[in-house]
Amino acid sequence: MTTLLICNALCIATLDDTRRELRNASIYIEGHRIIAIAAAEELAHHAATADEVIDARGHLVTPGLVNTHHHMYQSLTRAIPQTQDAELFGWLRGLYPIWAGLTPDMVYTSTQVAMAELLMSGCTTSSDHLYIYPNGVRLDDSIAAAQAIGMRFVATRGSMSVGQSQGGLPPDAVVEREDAILRDSQRLIEHYHQSEHGAMVNIALAPCSPFSVSRDLMRVSAELARSYTGQGVRLHTHLAENDHDLAYSREKFGCTPTQYAQDLGWLGPDVWHAHCVKLDDEGISLFAASRTGVAHCPCSNMRLASGIAPVRRMLDAGVPVGLGVDGSASNDAAHMVNEARQALLLARVGRALQPPETRTAADGSRRTFFGCDLGPAEMTARNALELATRGGAEVLGRPDIGHLAVGMCADLALFDLRTLGFAGGAVHDPVGALLFCASPQAAYTIVQGRVVVQQGQLTTVDLGPLVERHNGMAVQLAGI
């Protein structure tokens with residue numbers, strides 16, 4: 001069992017149950033678990049015997065960030081001109097024919113590129129929603145990529161089964177037979193899914209969206225996941241992403257997206273939905289009562305002009321909310337600190353755009369609140385960091401990650417506060433500066449006690465050849 005001492009950190013933001021922020025402190029790790037967090041002098045004796053020591057002077061230490069929604073293969077189609085100015089449905093129609101050319105090597109390589117970008121921004125755990133399987137592509141390709149690069153991975157077996165000829169959005173050429181989807185889903189769970197403390201691979205079942213799969217596939221997928229009692233096999237899909245999504249549900253199903261999810265058994269503490277931009281008051285109440293999670297994707301929602309998700313109302317109601325960078329082609333970046341910063345800023349803009357609201361105070365009086373009343377308090381820097389850590393861990397059903405405490409997985413990110421982007425900011429508030437100042441790269445990223453980013457460099461994969469190979473594949477895929 002290897003040991004690691006992270007010593008003399010300027011600040012450790014534990015995000016633990018009491019939200020402690022420790023100055024001049026250290027963390028001692030054995031294997032994949034945190035053994036001690038204390039003042040630097042209390043753990044100094046470990047420096048002589050630890051297998052590895054990281055001098056964290058001048059650094060902020062946070063829990064490893066958690067990404068709850070992604071489509072990693074889309075890193076091959078970032079910033080394609082014909083989709084730069086499209087909304088969701090038009091964007092998808094433009095890209096489906098391109099993605100039909102994906103190969104197993106492309107999925108493996110693009111997954112590593114996406115994960116490298118995440119790891120270098122301090123992200124230690126990521127889900128991925130792979131829902132298109134042409135030319136022999138399998139979810140196994142993504143899992144192999146994650147194992148090689150060293151990222152904790154929630155691999156979701158996505159699917160599309162309703163093509164255009166049946167009233168769905170995707171072309172018939174990229175959908176699958178539902179019996180084949182379910183067989184493969186079962187295979188993946190039984191071969192890869194881990195449920196123990198510190199599990200490095202989880203499998204979730206993830207029919208893509210209400211406009212690309214049938215009611216039967218949604219219902220049976222939920223039954224299949226829940227048949228693995230106590231093993232934590234979760235469910236994931238897109239829901240209520242924009243106005244077109246809302247209109248499709250009303251036209252095809254005669255109900256809101258949340259009502260559709262409820263009817264099919266897709267609410268509960270083992271379910272998380274991506275986006276939920278158009279979640280109404282009833283939807284928020286149903287999500288809160290059932291502890292259904294939300295992957296909030298602010299950059300993608302802005303990129304596709306989908307809208308501003310009501311995150312503060314969700315949080316106040318008790319809905320579990322984490323952050324997702326979403327697909328690399330609907331965000332064009334996979335930087336988790338930047339995603340948290342955008343969540344912080346977008347929530348404040350969203351509050352200012354809210355119409356006046358009349359509420360009853362505790363004394364029974366009625367008062368009109370204007371959208372700007374909460375103002376910047378709609379989302380604080382620490383709220384945003386919590387979404388990116390504890391919130392994401394809860395959404396993914398992982399009580400062993402998301403904050404720093406004895407017994408937790410040793411997933412951490414270290415940011416050098418002595419760099420240019422923090423100048424004049426970190427001296428006042430190291431944690432606040434991480435979110436308010438220019439989004440930095442991590443100096444160190446540690447996953448399961450293993451240093452995978454060291455002094456800003458990835459240790460597990462050679463980035464130069466990886467990027468070169470990826471760019472060649474991107475040109476091949478787009479037919480340039």
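**Figure 1. Salt bridges in the predicted model, with the pair D140 and R187 in close-up.** A search of the whole structure, which is a predicted model, finds 25 salt bridges. One of them joins D140 to R187, with the closest N and O atoms 2.7 Å apart. D140 belongs to helix α4 (residues 139–149) and R187 to helix α5 (residues 178–192), so the salt bridge ties together parts of the chain that are 47 residues apart in sequence. The two partners differ in burial class: D140 counts as buried, at 8% relative accessibility, whereas R187 counts as partly exposed, at 27%.

**Figure 2. A second salt bridge of R187, and the network around it.** R187 also forms a salt bridge with D184, and here the closest N and O atoms are 2.8 Å apart. Both D184 and R187 lie in helix α5, where they are three residues apart, or about one turn of the helix. An α-helix has 3.6 residues a turn, so residues three or four places apart point the same way. D184 is buried, its relative accessible area being 14%. A network of salt bridges links D184 and R187 with R138, D140, R157 and E176.

**Figure 3. The salt bridge between R382 and D429.** The side chains of R382 and D429 meet in a salt bridge, at 2.8 Å from N to O. This pair links distant parts of the chain, 47 residues apart: R382 is in helix α13 (residues 381–395), and D429 is in the loop between β16 (412–416) and α14 (430–436). Both partners fall into the partly exposed class, R382 with a relative accessible area of 33% and D429 with a relative accessibility of 25%.

**Figure 4. The packing of helices α3 and α15.** Two packed helices are described by the angle between their axes and the distance between the axes. For helix α3 (residues 104–119) and helix α15 (residues 463–478), the angle is about 130° and the axes are 10 Å apart. The two helices are therefore oblique to each other. The crossing in which α3 passes α15 is left-handed. On the side of α3, the contact is made by D105, M106, T109, S110, Q112, V113 and A116; α15 contributes L463, L466, R469, H470, M473, Q476 and L477. By character, the residues of this contact divide into seven nonpolar, five polar and two charged.

**Figure 5. The surroundings of Q164.** Q164 lies in the loop that runs between β8 (152–159) and α5. With a relative accessibility of 47%, Q164 counts as partly exposed. Apart from its neighbours within four places in sequence, Q164 is in contact with L169, P170, P171 and D172. The C-alpha atoms of Q164 and F211 are 9.7 Å apart in space, while the two residues are 47 residues apart in sequence.

**Figure 6. Strand β11 and its residues H273 and H275.** H273 has its place in strand β11 (residues 271–275). The relative accessible area of H273 is 0%, and H273 is buried. When residues up to four places away in sequence are not counted, H273 touches H236, T237, L239, A261, W266, L267, F287, T292, G293, V294 and A295. H275 is found in strand β11 as well. H275 is likewise buried, with a relative accessible area of 0%. Its backbone shows a positive phi, near 85°, in a residue other than glycine. Most residues other than glycine have a negative phi.

**Figure 7. The buried residues of helix α9 and the elements around them.** In helix α9 (residues 281–290), the buried residues are G283, I284, L286, F287, A288 and S290. These buried residues pack against β10 (234–239), α8 (257–263), β11, β12 (293–296) and α11 (311–317). One of them, F287, is among the residues that H273 touches. The helix is followed by R291, whose phi is positive, near 60°.

**Figure 8. D326, a loop residue with a positive phi.** D326 is found in the loop between β13 (321–323) and α12 (336–352). Its phi is near 60°, a positive value in a residue other than glycine. Although it belongs to a loop, D326 counts as buried, at 3% relative accessibility.

Key:
Residues numbered from 1 in each chain as written. Predicted model: local features only at pLDDT ≥ 70, side-chain atom pairs only at ≥ 80, totals over all residues. Heavy atoms only, no water. Salt bridge = Lys/Arg side-chain N within 4 Å of Asp/Glu carboxyl O. Helix = DSSP H or I, 4+ residues; strand = E, 2+ residues; numbered from the N terminus. Buried < 20%, exposed > 50% of the residue type's maximum accessible area, 1.4 Å probe, protein only. Axes fitted to C-alpha atoms, helices over the stretch in contact; angles between N-to-C directions. Parallel < 35°, antiparallel > 145°, perpendicular 65-115°, else oblique. Left-handed = near helix turned anticlockwise from the far one by under 90°. Contact = heavy atoms within 4.5 Å. Nonpolar A, V, L, I, M, F, W, Y, C, P; charged D, E, K, R; others polar.
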